[in-house]
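Subject: Handing over the structure

Hi,

Here is the structure I promised to pass on to you. Please have a look at it first, and then read on for my notes.

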Amino acid sequence: NVTINTPSNQTYNTTVIYFNVTALDETAMDSCLYTLNGGTKNYTMLNASTSPTMWNATNATVEQGSINVTYYCNDTNNNLNQSENITFSIDSILPNVTINTPLNQTYTTNSIDFNATALDETGMSDCEYSLTSGLINYTMSNISTNWNATLTDLSNGGYNIIFYSNDSSNNLGNSSIIHFTINVAAPDTVP
């Protein structure tokens with residue numbers, strides 16, 4: 001009897017995957033292997049010294065996308081048990097975040113539109129910007145792949161802005177830093 005413990009039917013944002021099964025038999029277990037996507041290559045699992053029923057392996061080269069894993073375990077009488085398949089996904093690719101506005105320039109208004117394009121194959125969950133190197137982040141609204149916000153009443157001075165975006169697999173991407181300046185002239189006074 002083979003029970004799949006890990007991986008689960010979910011999306012992982014790492015290519016390092018821990019494979020673990022519990023293998024039970026009336027006689028002792030001899031070996032457990034797994035294969036990915038019905039492939040011709042079998043990966044050997046190690047028996048956990050603390051439990052004769054636990055079999056483990058770590059694979060640091062699992063490819064991006066949907067993966068099907070099948071486990072095979074032999075008992076000491078050479079009876080083979082094939083577990084049910086489980087499918088999981090790998091998405092460790094960071095979103096691509098591009099700043100559209102503001103530009104690296106001086107603005108003569110204290111109301112600035114912030115706009116970034118955030119792209120990822122799995123979809124985006126949110127986008128934020130920061131003027132404090134990530135100490136304080138502000139949520140942006142979404143229109144298709146563009147994320148928008150407007151900040152009003154900015155004081156004269158220099159600002160560094162960076163955008164952060166999470167995809168639906170919780171991979172965090174960020175933009176480059178843009179430096180812009182606000183230089184609003186004081187209103188003319190009539191004597």
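Let me start with a small puzzle: is serine 169 buried or exposed? Before the answer, please keep in mind that this is a predicted model.

Serine 169 sits in the loop between strand E18 (157-167) and strand E19 (172-174). Its relative accessible area is 13%, so it counts as buried, the cut-off being under 20%. Leaving aside neighbours within four places in sequence, serine 169 is in contact with Thr11, Asn13, Asp91 and Thr122.

Now for the overall picture. The chain has 20 strands and 0 helices. Its C-alpha trace spans about 105 × 30 × 20 Å along the principal axes. The radius of gyration is 26 Å, whereas a compact globule of 191 residues would have one near 16 Å. Of the 191 residues, 36% count as buried. The accessible surface comes to about 10,900 Å², and carbon and sulfur atoms account for 48% of that. If you look at contacts between residues at least 6 apart in sequence, 63% of them join residues at least 24 apart.

Next, the nonpolar cores. In general, nonpolar side chains in soluble globular proteins tend to be buried together. In this model the largest nonpolar core has 21 residues, and Phe19, Met45 and Phe88 have the most contacts inside it. Two or more residues each come from strand E3 (17-23), strand E4 (29-36), strand E7 (54-59), strand E8 (65-75) and strand E10 (86-90). There is also a second, separate core of 19 residues, which includes Tyr129, Trp147, Ile161 and Phe180. To get a feel for the largest core, try methionine 45: not counting residues up to four places away in sequence, methionine 45 touches Phe19, Asn20, Val21, Cys32, Leu33, Tyr34, Trp55, Asn56, Ala57 and Tyr71.

On to the sheets. One open sheet is made of 4 strands in the order E1-E3-E7-E6, with antiparallel pairing. Which strands stand at its edges? They are strand E1 (2-6) and strand E6 (46-47); each has a single partner strand, so one side of each is left without a neighbour in the sheet. Inside this sheet, E3 and E7 run antiparallel and are joined by 6 bridges. Asparagine 20 has asparagine 56 in E7 as its bridge partner.

Another open sheet, also antiparallel in its pairing, has 4 strands in the order E11-E13-E17-E16. Here strand E11 (96-101) and strand E16 (141-143) are the edge strands, each pairing on one side only. Ignoring direction, neighbouring strands of this sheet are turned by 30 degrees against each other on average. Strand E13 (residues 112-119) pairs with strand E17 (residues 146-151) in the antiparallel sense over 6 bridges, and threonine 117 has asparagine 146 in E17 as its bridge partner.

E4 deserves a paragraph of its own. Of its 8 residues, 6 are buried, so E4 is mostly covered, buried meaning under 20% relative accessible area. E4 pairs with E8 in the antiparallel sense over 7 bridges; in that pairing, methionine 29 is matched with aspartate 75 in E8. E4 also runs antiparallel to strand E5 (residues 42-44), to which 3 bridges join it, and leucine 33 has threonine 44 in E5 as its bridge partner. E4 and E5 form a hairpin with 5 residues between them, and asparagine 37 in the turn has a positive phi of about 55 degrees.

Finally, some backbone details to check in your viewer. Where are the cis peptide bonds? One joins threonine 6 and proline 7, with omega about 5 degrees, and proline 7 lies in the loop between E1 and strand E2 (11-12). Another joins threonine 101 and proline 102, with omega about 10 degrees; proline 102 is placed in the loop between E11 and strand E12 (106-107).

Serine 144, in the loop between E16 and E17, has a positive phi near 60 degrees without being a glycine. Serine 144 counts as exposed at 63% relative accessibility. Aspartate 153 belongs to the loop between E17 and E18, and its phi is also positive, at about 65 degrees. Aspartate 153 is exposed too, with a relative accessible area of 63%.

Happy browsing, and do write back with any questions.

Best wishes

Terms used:
Residues are numbered from 1 along each chain as its sequence is written. This is a predicted model: local features need pLDDT of at least 70, side-chain atom pairs count only at pLDDT 80 or more; totals for chains, interfaces and linings use all residues. Side-chain values use heavy atoms; hydrogens and water are left out. The radius of gyration is taken over C-alpha atoms; the globule rule is 2.2 Å times the number of residues to the power 0.38. Buried means under 20% relative accessible area, exposed over 50%, partly exposed in between (1.4 Å probe, protein chains only). Contact means heavy atoms within 4.5 Å. Accessible areas come from the Shrake-Rupley method with a 1.4 Å probe; for residues, only the protein chains shown count as cover. A nonpolar core is a set of buried Ala, Val, Leu, Ile, Met, Phe, Trp, Tyr and Cys residues joined through side-chain atoms within 4.5 Å. Two strands pair if DSSP finds at least two bridges between them. Axes are lines fitted to C-alpha atoms, for helices over the stretch in contact, and angles run from 0 to 180 degrees between N-to-C directions.
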